[in-house]
Amino acid sequence: APCRFTGSEIRVRDDSMPLVHIAIAVEGAGWTDADNIPLMVANTLIGAWDRSQGGGANNASFLARAASIENFAHSFQSFNTCYKDTGLWGIYFVSEPMQADDMIFNIQREWMKLCLTVGDGEVERAKNLLKTNMLLQLDGTTPICEDIGRQMLCYNRRLPLHELNARIEAVSVQDVRDVCYKYLYDRCPAVAAIGPVEAVPDYTRIRAGMYWL
């Protein structure tokens, strides 16, 4: 039988840790799914940030600006992990214990914007950044060999760069909205948290943040 994704949570309270570590994810797409490329663009749109980086209020990502200016998080990393017939799409972040609630609120607001109001400029920026990141990952013989092996396992062939670029370039704003609506909107997330988790919102509140009324 095919695997079934179930929204759930696990919390490990450890008040000896100075910071809380939280991951939130929904079910994503498999390697060969047509939705995978738009999900990769959406993942790049959320992006990654940590407080050692410059930028602050001048970051292109709203979430990075909020985390930097309001000190909501020490770092965050959006991820899109693919398996054969399913995947995990979400975010991992590290924050001060009492800032976790605000950070989750801002994350879910950005997720809902992806589903409903994301604009042309944001999607174009994410597409360009995704293409750049993919090229940067192929810097050397070892990562190229790893990429060939991974693609042979996933696609049974090596995807030429021009084909991958064309697939990314073909993603429209409506594609991003439609795919995010399909995978994110009103979906039950999986939540994992460790550290001083007393201020992490209840699962029902996190679940309620997965849609806008």
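Buried means under 20% relative accessible area, exposed means over 50%, and partly exposed is in between (1.4 Å probe, protein chains only). This is a predicted model, in which local features need pLDDT of at least 70 and side-chain atom pairs count only at pLDDT 80 or more, while totals for chains, interfaces and linings use all residues. Residues are numbered from 1 along each chain as its sequence is written, and side-chain values use heavy atoms, with hydrogens and water left out.

**View 1. Asp147 and Arg158 meet in a salt bridge.** The N to O distance is 3.1 Å. A salt bridge here is a side-chain nitrogen of Lys or Arg within 4 Å of a carboxyl oxygen of Asp or Glu. The pair links distant parts of the chain, 11 residues apart: Asp147 is in helix 5, and Arg158 is in the loop between helix 5 and helix 6. Helices (H or I, at least four residues) and strands (E, at least two) are DSSP runs, numbered from the N terminus. Asp147 is buried because its relative accessible area is 10%. Arg158, at 33%, counts as partly exposed. Asn156 lies in the loop between helix 5 (141-155) and helix 6 (161-169). Its phi is positive, near 65°, in a residue other than glycine. Asn156 is exposed, at 64% relative accessibility.

**View 2. Asp186 and Arg207 form a salt bridge.** Here the N to O distance is 3.0 Å. Asp186 sits in the loop between helix 7 (173-183) and strand 6, and Arg207 in helix 8 (residues 203-208), so the pair ties together parts that are 21 residues apart in sequence. Asp186 is partly exposed, at 40% relative accessibility. Arg207 is buried, with a relative accessible area of 18%.

**View 3. Other salt bridges include a network and the pair Arg13 and Asp15.** The network links Glu124, Lys127, Lys131 and Glu169. The side chains of Arg13 and Asp15 meet at 3.1 Å, N to O. Arg13 is exposed, at 53% relative accessibility. Across the whole structure, a search finds 14 salt bridges.

**View 4. Helix 1 is largely enclosed by the rest of the structure, because 11 of its 11 residues are buried.** Among the buried residues are Asn36, Pro38, Met40, Asn43 and Ile46. Val41 is found in this helix, which spans residues 36-46. Val41 has a relative accessible area of 0%, so it is buried. Which residue has its C-alpha atom 7.6 Å from that of Val41, 127 residues apart along the chain? Ile168 does. Gly47 follows helix 1, with a positive phi near 75°.

**View 5. Six strands form an open sheet with mixed pairing.** The strand order is 1-6-2-5-4-3. Strand 1 (8-13) and strand 3 (48-50) are the edge strands, and each pairs on one side only. The twist averages 15° from one strand to the next. For this value, axes are lines fitted to C-alpha atoms, for helices over the stretch in contact, and angles run from 0 to 180 degrees between N-to-C directions. Two strands pair if DSSP finds at least two bridges between them. Strands of a sheet pair through backbone hydrogen bonds, either parallel or antiparallel.

**View 6. Strands 2, 5, 4 and 3 show antiparallel pairings.** Strand 2 (residues 20-28) and strand 5 (residues 87-95) pair over 9 bridges. Gly28 has Gly87 of strand 5 as its bridge partner. Strand 4 joins strand 5 through 8 bridges. In that pairing, Ser78 stands opposite Ile91. Strand 4 and strand 5 form a hairpin, with 4 residues between them. Strand 3 and strand 4 pair over 3 bridges. Trp49 stands opposite Phe76 in strand 4.

**View 7. Asn71 has a positive phi, near 60°.** Asn71 is a residue other than glycine. Its loop runs between helix 2 (62-69) and strand 4 (75-82). Asn71 is partly exposed, with a relative accessible area of 33%.

**View 8. Ile10, Val12 and Ile194 make a nonpolar surface patch of about 240 Å².** Patches are made of residues with over 30% relative accessible area and no salt bridge; like charges are joined within 9 Å, and nonpolar side chains (Val, Leu, Ile, Met, Phe, Trp, Tyr) within 5 Å. Accessible areas come from the Shrake-Rupley method with a 1.4 Å probe, and for residues only the protein chains shown count as cover. Ile194 lies in strand 6 (residues 190-195). At 36% relative accessibility, Ile194 is partly exposed.
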